[in-house]
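Visitor: I should like to learn how to read the features of a protein model in an orderly way. May we take them one by one, with the structure before us?

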Amino acid sequence: MSGPILGIETTCDETSAAVLDEHGTILGMVIHSQDVHRVYGGVVPELAARDHLKRIEPVVTAALRDAGTRRRDLGAIAVAAGPGLIGALLVGVTWSRAAAFALGIPMIPVHHMEGHLFGPVLDDPGAVPPFVALLVSGGHTLLLWVPEWGRYFLMGETRDDAAGEAFDKVAKLLGLPYPGGPAIERAAAAGDPERYSFPRPMLQGGGWRRGGATPAATAQGSLDFSFSGLKTAVARTVERLAEADALDAERPHLAASFQEAVIDVLAARARAAMDIVGCDRLVLGGGVAANRALRSRLREDIGPGRLFAGSVRLSMDNGAMIARAGLFRLAAGSYGGLTDAIASVPIPGARPWEPAARLASSRPPPPSPPKGAGPSGPQISSRARTSH
Ligand code: KG4
Ligand code: ZN
């Protein structure tokens, strides 16, 4: 490829375009967050597609202007081809295909979650494999062992709601606006996280135990997540409080207690996965990675310099992460079987975790210090160890 790469993101309710140079430096980026969904309290697929159609051309024009790049100087166009809302995806993919054809350059279809995996490295050149990745968005909750780019071992995923989806649904229950994550985080700032003891789904038993988990535990799928029981517990409490006319006063505490439960689960799972593969580096991506309380808990749990989360702006859906993953796919000479817009598709190169993968890195993962090795060793906070 010669020339910068354009990245296009239209999987859900953000229309974004970014221009990166061949080394992955962001030259320009524009993110348009749709607010047509706000009155409905959630994304309306038809409205999302129509808004992408209206915005994509001005968003690309603004990103190119920002970068000081002319269309004819582009070397490739990367586009998020899935997973996502099919109507929304079709806008981005059809636009990109037409533009790439007109310019005589390749169109690279990119998996949206592989995009999130490449988000942190845009800000921090240290966010490269080997690492364990926790990807938490509105549609996915994934725990991956990444010995190298393009080889992904799935250690855990959600069995029902995604983490971001749980934030959005609980926000609705609490009468907070969409998107729920930022609204809950704001409300939680004034609340007591210990006021309500909500369940920590799947933390008790199921292979998770204090101080770490065993490879056998993952073989049983025990690093999976489940958030629907937690959501139901919040719903019951909300009903009870509403009847007693106490919901307004309790809202901050409900938000804080719910957020704390989600963070406990995410942190414990991430830490267990890191113990299993013997890697002390964690990449955090996806919209929920914007949550400051989650970031600070993970930083506290795994020790300084080991969490790679990138900026809040690049945790949310954006064209830069798609362009960065596109650069990798172009260099690898494989789009992982992606050709067109597709609503549901696994990450290319992903397969189930197997203990042998621990040794399969081209670069060996850094050795894990023995338990109790002192301040340089990974730490588990008392909160993450608590079972409820
Ligand atoms: O990755 P993303 O921008 O879009 C998808 O790929 O789904 O993630 C959006 C999700 C939403 O569910 C939103 O509520 C959640 O990320 N989110 C947050 C925060 N900011 C966004 N969740 C918790 N805390 C936040 N600060
Ligand atoms: Zn996303």
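Visitor: In which sense do strand 7 and strand 8 pair, and over how many bridges?

Guide: A word first on the source: this is a predicted model. Strand 7 (residues 141-148) and strand 8 (residues 151-157) pair in the antiparallel sense, over five bridges. One of the positions to inspect is E148, whose bridge partner in strand 8 is R151.

Visitor: What do strand 7 and strand 8 form, and how many residues lie between them?

Guide: The two strands form a hairpin with two residues between them. In the turn, G150 has a positive phi of about 90 degrees.

Visitor: What is the strand order of the open sheet of six strands?

Guide: The order is 10-9-6-7-8-11, and the pairing is mixed. Strand 10 (307-308) and strand 11 are the edge strands, since each pairs on one side only. The mixture can be followed strand by strand. Strand 6 (residues 131-136) pairs with strand 7 in the antiparallel sense over six bridges, and F131 has V146 in strand 7 as its bridge partner. Strand 8, by contrast, pairs with strand 11 (residues 350-352) in the parallel sense over three bridges, with Y152 opposite A350.

Visitor: Which residue lies in the loop between strand 6 and strand 7?

Guide: H140 lies in that loop.

Visitor: Does H140 count as buried or exposed?

Guide: The test is a count of C-beta atoms within 10 Å, and 20 or more are needed for a residue to be buried. H140 has 20 such neighbours, so it counts as buried. Apart from neighbours within four places in sequence, H140 is in contact with M113, L135, A162 and G286. As for sequence and space, H140 and P83 are 57 residues apart in sequence, yet 9.8 Å apart from C-alpha to C-alpha.

Visitor: How many residues of strand 4 are buried?

Guide: Seven of the seven residues of strand 4 (residues 76-82) are buried, so this strand is largely enclosed by the rest of the structure. Its pairing partners may be listed next. Strand 1 (residues 5-9) pairs with strand 4 in the parallel sense over four bridges, and G7 stands opposite A78. Strand 5 (residues 107-111) also runs parallel to strand 4, joined by five bridges, with V79 opposite P109.

Visitor: Let us turn to helices. Why do the buried residues of helix 7 line one face of the helix?

Guide: The general idea is that an α-helix has 3.6 residues a turn, so residues three or four places apart point the same way. In helix 7 (residues 228-243), the buried residues are L230, K231 and V234. Seen down the axis, they fall within an arc of 95 degrees, so they line one face of helix 7. These buried residues pack against helix 4 (163-173) and helix 8. The face turned away from the buried side carries the exposed residues R236, E239, R240 and E243.

Visitor: What length does helix 7 reach from its first C-alpha to its last?

Guide: Helix 7 has 16 residues and reaches 23 Å, close to the 22 Å expected at 1.5 Å a residue. Just after helix 7, D245 takes a positive phi of about 60 degrees.

Visitor: Which residues of helix 9 are buried?

Guide: In helix 9 (residues 292-302), the buried residues are L294, R297, L298, D301 and I302. They cover an arc of only 110 degrees around the axis, which puts them on the same side of helix 9. On the other side, R292 and S296 are exposed. G303 follows helix 9 with a positive phi, near 95 degrees.

Visitor: Which residues touch the most other members of the largest nonpolar core?

Guide: They are A273 and L282, in a core of 118 residues. Helix 8 (residues 247-277) supplies the largest share of this core, 17 residues. At least three residues come from each of domain 1 (1-126 + 312-349) and domain 2 (128-309 + 354-385). Setting aside neighbours within four places in sequence, A273 is in contact with V132, L143, W145, M155, G156 and L223.

Visitor: What percentage of the residues of the protein chain count as buried?

Guide: Of its 388 residues, 52% count as buried. The secondary structure comes to 12 helices and 11 strands. Among contacts between residues at least 6 apart in sequence, 77% join residues at least 24 apart.

Note on methods: Residues numbered from 1 in each chain as written. Chains lettered and ligands numbered in written order. Predicted model: local features only at pLDDT ≥ 70, side-chain atom pairs only at ≥ 80, totals over all residues. Core = buried A, V, L, I, M, F, W, Y, C linked by C-beta atoms within 7 Å. Buried ≥ 20, exposed ≤ 12 C-beta atoms within 10 Å, placed from the backbone. Domains from an automatic or database assignment. Contact = placed C-beta atoms within 7 Å. Expected span 1.5 Å × (residues − 1). Arc of directions from axis to C-beta. Pairing = 2+ DSSP bridges.
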